[in-house]
Amino acid sequence: LTLAKPIASKTTAKIEISWRTKLPGGPNGRGHRMTQRFDDTLFQPTQWFPRVAKYDDLRGWDTTPYMGPSEFYNNFGRCDVSIDVPAGWIVSGTGVLQNPNEVLTAKARERLTKVLESDAITTIVDKDEVGPGVSTQPGAPSAEGNRLVWHHVAENVNDFAWATSKNFIWTATRATIPGKGPVPIHMVYQPERASLFANAGPIARHALEFYSKLWAPYPFPQLTMQDGPSAGMEYPMVVNSNQGAADHEIGHQWWPMMVGNN
């Protein structure tokens, strides 16, 4: 969509958009970054919202459409996102959860307080902790059943990706960033795919610490590895990958998540 009237230099414009999107995937979905769900049990949305084109000071507006098998060239900004899902479904994604008391159980919140104390893998929600009031808070009644709203905020990011499932196992560990200190590494995955995440924590820790020393300290407050049909794509603070591509995708947290490139 091209604006009817250009935005003049040194002025601002506010754009408000209502939209709907259908996530590609299903029973025969390929393991590809544009396949975004396992039937109706896990959703892994990426490239899911309208965005403003990037203005490149060398070439002007970059209006190249994103077609899937490529990197992206986006603006940096603040993402403030509220995600309304059925109670019992765990939500992960870019940014920091703003309302843990409203969506997480007391047991999960207590377990999260231990994550930064050691390199051990801490289980936040286990495979037998499923459903409203067990994996999450009970939620608020509605015509569609009990629901919860997960509120995430991310500063200085060039995209926002997330995932949700009613069967997620959630584990966590830490990486110790030079000059910064410990940051949490979260891992959410389906129980039947646990073997693909057996070494994900140590691999992610090593990658964050190694690249922080090699290039520049990891700038974000956390990292999340998300299970799903896309098992090799990067977003700010998010890796859609299991342990297989973890090191590669975490390297992308520097390019293009810190240093935007086209």
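This short presentation describes the fold, the salt bridges and several individual residues of one protein model.

Good morning. The model is a predicted one, and I shall move from the whole chain to single residues.

Let me begin with the overall architecture. The secondary structure consists of 15 strands and four helices. Along the principal axes, the C-alpha trace extends over about 55 × 50 × 35 Å. The radius of gyration is 19 Å, which agrees with the value near 18 Å that a compact globule of 262 residues would have. Of those 262 residues, 45% are buried. If we consider contacts with a separation of 6 or more, 68% of them join residues that are 24 or more positions apart. The protein exposes about 13,700 Å², and 54% of that area is supplied by carbon and sulfur atoms. As for charge, there are 24 positive and 25 negative charges, and their mean positions lie 3 Å apart.

I turn now to the salt bridges. Side chains of opposite charge can pair when their charged atoms come close. How many salt bridges does the structure hold? The count is 13. I shall discuss three pairs and one network.

The first pair on my list is glutamate 155 with arginine 78, whose closest N and O atoms are 2.8 Å apart. This pair links distant parts of the chain, with glutamate 155 in strand 9, residues 147-157, and arginine 78 in strand 5, residues 77-86; the two are 77 residues apart. Glutamate 155 counts as partly exposed because its relative accessibility is 43%. Arginine 78, at 52%, counts as exposed, since the cut-off for that class is over 50%.

The next pair is glutamate 129 with lysine 107, where the closest N and O atoms are 3.7 Å apart. Glutamate 129 sits in the loop between strand 8 and strand 9, and lysine 107 in helix 2, residues 106-112, so this salt bridge ties together parts that are 22 residues apart in sequence. Which of the two classes, buried or partly exposed, applies to glutamate 129? With 11% relative accessibility, glutamate 129 is buried, whereas lysine 107 is partly exposed at 48%.

The remaining pair is arginine 205 with aspartate 119, with 3.6 Å between the closest N and O atoms. Arginine 205 belongs to helix 3 and aspartate 119 to the loop between helix 2 and strand 8, so the pair ties together parts 86 residues apart in sequence. Arginine 205 is buried, its relative accessible area being 11%, while aspartate 119 is partly exposed at 38%. Finally, a network of salt bridges links Asp56, Arg59 and Asp62.

Next, two residues in the interior. Helix 3 spans residues 200-214 and includes alanine 200. Alanine 200 has a relative accessibility of 0% and therefore counts as buried. Setting aside residues up to four places away in sequence, alanine 200 touches Met187, Met225 and Gln243. From alanine 200 to glycine 60, the C-alpha to C-alpha distance is 41 Å, and the sequence separation is 140 residues.

Threonine 171 is located in strand 11, which covers residues 169-177. Threonine 171 has a relative accessible area of 5%, and is therefore buried. What does threonine 171 contact, leaving aside neighbours within four places in sequence? Its contacts are Ile121, Thr122, Thr123, Ile124, Ile185, His186, Met187 and Tyr189. Met187 thus appears again, having already been named among the contacts of alanine 200.

I close with some points of backbone geometry. Tryptophan 255 and proline 256 are joined by a cis peptide bond, with omega about 10°. Proline 256 is in the segment that follows helix 4, residues 246-251.

Two residues other than glycine have a positive phi and deserve mention: asparagine 156, at about 55°, and methionine 237, at about 70°. Asparagine 156 is part of strand 9, the strand that also contains glutamate 155. Where does methionine 237 lie? Methionine 237 is in the loop between strand 14, residues 233-235, and strand 15, residues 238-240. As for accessibility, asparagine 156 is exposed at 58%, whereas methionine 237 is buried at 1%.

Thank you; that concludes the presentation.

How values were computed:
Residues numbered from 1 in each chain as written. Predicted model: local features only at pLDDT ≥ 70, side-chain atom pairs only at ≥ 80, totals over all residues. Heavy atoms only, no water. Rg over C-alpha atoms; globule rule 2.2 N^0.38 Å. Buried < 20%, exposed > 50% of the residue type's maximum accessible area, 1.4 Å probe, protein only. Contact = heavy atoms within 4.5 Å. Areas by Shrake-Rupley, 256 points an atom, 1.4 Å probe, with all protein chains shown as cover. Lys, Arg positive; Asp, Glu negative; His and termini not counted. Charge placed at Lys NZ, Arg CZ, Asp CG, Glu CD. Salt bridge = Lys/Arg side-chain N within 4 Å of Asp/Glu carboxyl O.
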